[in-house]
Amino acid sequence: AERLQAAEAKRQAAAAAAAAREAVWEVGYARLVAYKAEHGDCLVPKGYKAAGGVHLGNWVSSQRKVYKGTRYGTLGASRVTRLEALGMVWNPTRRPN
């Protein structure tokens, strides 16, 4: 019985952690939607902070790295689809000044 309780506690902790990661991703996505509405694109500068102090530039950079496989994590097909529908640029190039 004790092992079953420990296993259940572990499962619940994993589910809570997954829910927290999902919530953080949704906040980043919502801020990206707002950024695009204001700026017309998803080319967020790396150091850009959105409303509420969300480091949107870092979040976008992280999504690109996970997508490219250069950062640990997964970016599921539904997230890729949502980001692409919004106009995500996976390989931004530096524009000349």
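Axes here are lines fitted to C-alpha atoms, for helices over the stretch in contact, and angles run from 0 to 180 degrees between N-to-C directions. Helices themselves (H or I, at least four residues) and strands (E, at least two) are DSSP runs, numbered from the N terminus. The model shown is predicted, so local features need pLDDT of at least 70 and side-chain atom pairs count only at pLDDT 80 or more, while totals for chains, interfaces and linings use all residues. Residues are numbered from 1 along each chain as its sequence is written, and side-chain values use heavy atoms, with hydrogens and water left out.

**View 1. The whole chain holds three helices and zero strands.**
Reading from the N terminus, the order of elements is α-α-α. The radius of gyration (taken over C-alpha atoms) is 17 Å, well over the 13 Å of the globule rule for 97 residues (2.2 Å times the number of residues to the power 0.38), so the protein is more spread out than a compact globule. Its C-alpha atoms fill a box of roughly 65 × 30 × 25 Å along the principal axes. Buried residues (under 20% relative accessible area with a 1.4 Å probe, protein chains only; exposed is over 50% and partly exposed in between) make up 25% of the 97 residues. Contact means heavy atoms within 4.5 Å; among contacts between residues at least 6 apart in sequence, 44% join residues at least 24 apart.

**View 2. Helix α1 spans residues 2-39.**
Its 38 residues reach 55 Å from the first C-alpha to the last, close to the 56 Å expected at 1.5 Å a residue (1.5 Å times one less than the number of residues). Look for Trp25, Gly28, Tyr29, Leu32 and Tyr35, which are buried in α1. Their cover includes α2 (56-68) and α3 (77-86). Just after α1 comes Gly40, with a positive phi near 85°.

**View 3. Helices α1 and α3 pack at an angle of about 10°.**
Their axes are 11 Å apart. That makes α1 roughly parallel to α3, as angles under 35 degrees count as roughly parallel (over 145 is roughly antiparallel, 65 to 115 roughly perpendicular and the rest oblique). On the α1 side you will find Arg21, Glu22, Trp25, Glu26, Tyr29, Leu32, Val33 and Lys36, which meet Arg79, Arg82, Leu83 and Leu86 of α3. This contact divides into six nonpolar residues (Ala, Val, Leu, Ile, Met, Phe, Trp, Tyr, Cys and Pro), no polar ones (the others, Gly among them) and six charged (Asp, Glu, Lys and Arg).

**View 4. Helices α1 and α2 pack at an angle of about 110°.**
Here the axes are 10 Å apart, and α1 is roughly perpendicular to α2. From α1, Val24, Trp25, Gly28, Tyr29, Arg31, Leu32 and Tyr35 make the contact, with Leu56, Trp59, Val60 and Gln63 from α2. Eight of the contact residues are nonpolar, two polar and one charged.

**View 5. Helix α2 has 13 residues.**
From its first C-alpha to its last, α2 reaches 18 Å, close to the 18 Å expected. Among its buried residues are Leu56, Trp59, Val60, Gln63 and Val66, and what covers the buried residues of α2 includes α1 and α3. Gly69 follows α2, and its phi is positive, near 85°.

**View 6. Leu86 lies in helix α3.**
Leu86 is buried, with a relative accessible area of 11%. Leaving aside neighbours within four places in sequence, Leu86 is in contact with Tyr29, Leu32, Val33, Lys36 and Cys42. Arg31 is 55 residues from Leu86 in sequence and 12 Å away in space, C-alpha to C-alpha.
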